[in-house]
Amino acid sequence: MLTVDFEKLAIRSGMKVLDAGCGSGRHIGTVYRRDGIDVAGVDLNEEDLVKTRFTLKLTEGPRSGSWTVARADVTGLPFRDEAFDLVICSEVLEHIHDNR
């Protein structure tokens, strides 16, 4: 089940999108299906990241765009500021111990 309404987001070719707390890849996979989008997904759960990588590999095709998936904590992301045009962070807050 998607919890993001992608029709309301102005996602277009050439954008870089981060899915922070990507889980098993449902949102990052949806974005990556669009042509020309570079996506990155991070999560702490390695089992979920394996599923995400599998989903993205199945989605690869002749279109442009790239993907990367890494184990990382959303409270300390390994990216420079302003590296992404859009960040998706869905159903993550309840997993952060000190969520203030």
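**Exercise 1. Is Glu7 buried, partly exposed or exposed, going by relative accessibility?**

Solution. This is a predicted model, so keep that in mind throughout.

- Step 1: take the relative accessibility of Glu7, which is 69%.
- Step 2: compare with the cut-off, where exposed means over 50%.
- Step 3: Glu7 therefore counts as exposed.

**Exercise 2. Find the salt bridges, and work out which parts of the chain they tie together.**

Solution. The count comes to three salt bridges. Let's take them one by one.

- Step 1: Arg34 and Glu7 pair up through their side chains, at 4.0 Å from N to O. Arg34 sits in the loop between H1 and S2, while Glu7 is in the segment before strand S1 (16-20), so this bridge ties together parts that are 27 residues apart in sequence. Arg34 is partly exposed, at 26% relative accessibility.
- Step 2: Asp38 and Lys16 make another bridge, with an N to O distance of 3.5 Å. Here Asp38 belongs to strand S2 and Lys16 to strand S1, so the link spans parts 22 residues apart in sequence. Asp38 comes out at 24% relative accessibility, which counts as partly exposed. Lys16 is partly exposed with 36%.
- Step 3: Glu46 bridges to Arg53, and their closest N and O atoms are 3.1 Å apart. Glu46 is partly exposed at 37%, and Arg53 is partly exposed at 24%.

**Exercise 3. Place Arg33 in the fold and list what Arg33 touches.**

Solution. Start with the sequence, then go to space.

- Step 1: Arg33 is in the loop between helix H1 (26-32) and strand S2 (38-43).
- Step 2: skip residues up to four places away in sequence, and Arg33 touches Thr59 and Arg63.
- Step 3: look for polar atoms. A polar atom of the Arg33 side chain lies 3.2 Å from the backbone oxygen of Gly29.
- Step 4: check a C-alpha distance. Arg33 and Trp67 are 11 Å apart in space, with their positions 34 residues apart in sequence.

**Exercise 4. Describe the largest nonpolar core and say which element gives the largest share.**

Solution.

- Step 1: this core has 16 residues, and the members that touch the most other members are Ile11, Val17, Val31, Ile37 and Val39.
- Step 2: sort the members by element. H1, helix H2 (46-59) and S4 each give two or more residues.
- Step 3: H1 supplies the largest share, three residues.
- Step 4: zoom in on Val39. Beyond neighbours within four places in sequence, Val39 is in contact with Val17, Ile28, Val31, Tyr32, Ser66, Trp67 and Thr68.
- Step 5: don't miss the other core, which lies apart from the largest one and has five residues, including Leu18, Ala20, Ala40 and Val42.

**Exercise 5. Classify the aromatic pair and inspect Glu82.**

Solution.

- Step 1: the count comes to one aromatic pair. Its partners are Phe79 and Phe84, with ring centres 5.0 Å apart and planes at 90 degrees.
- Step 2: planes over 60 degrees apart count as edge-to-face, and that is the class of the Phe79 and Phe84 pair.
- Step 3: Phe79 counts as partly exposed, at 29% relative accessibility.
- Step 4: now for Glu82, in the loop between strand S3 (67-71) and strand S4 (86-88). Glu82 has a phi near 65 degrees, a positive value in a residue other than glycine.
- Step 5: Glu82 counts as exposed, with 76% relative accessibility.

Methods. Residues numbered from 1 in each chain as written. Predicted model: local features only at pLDDT ≥ 70, side-chain atom pairs only at ≥ 80, totals over all residues. Heavy atoms only, no water. Phe/Tyr/Trp six-rings, centres within 6.5 Å; stacked < 30°, edge-to-face > 60°. Buried < 20%, exposed > 50% of the residue type's maximum accessible area, 1.4 Å probe, protein only. Helix = DSSP H or I, 4+ residues; strand = E, 2+ residues; numbered from the N terminus. Contact = heavy atoms within 4.5 Å. Polar contact = N/O pair within 3.5 Å; in protein donor to acceptor, adjacent residues only side chain to side chain. Core = buried A, V, L, I, M, F, W, Y, C linked by side-chain atoms within 4.5 Å.
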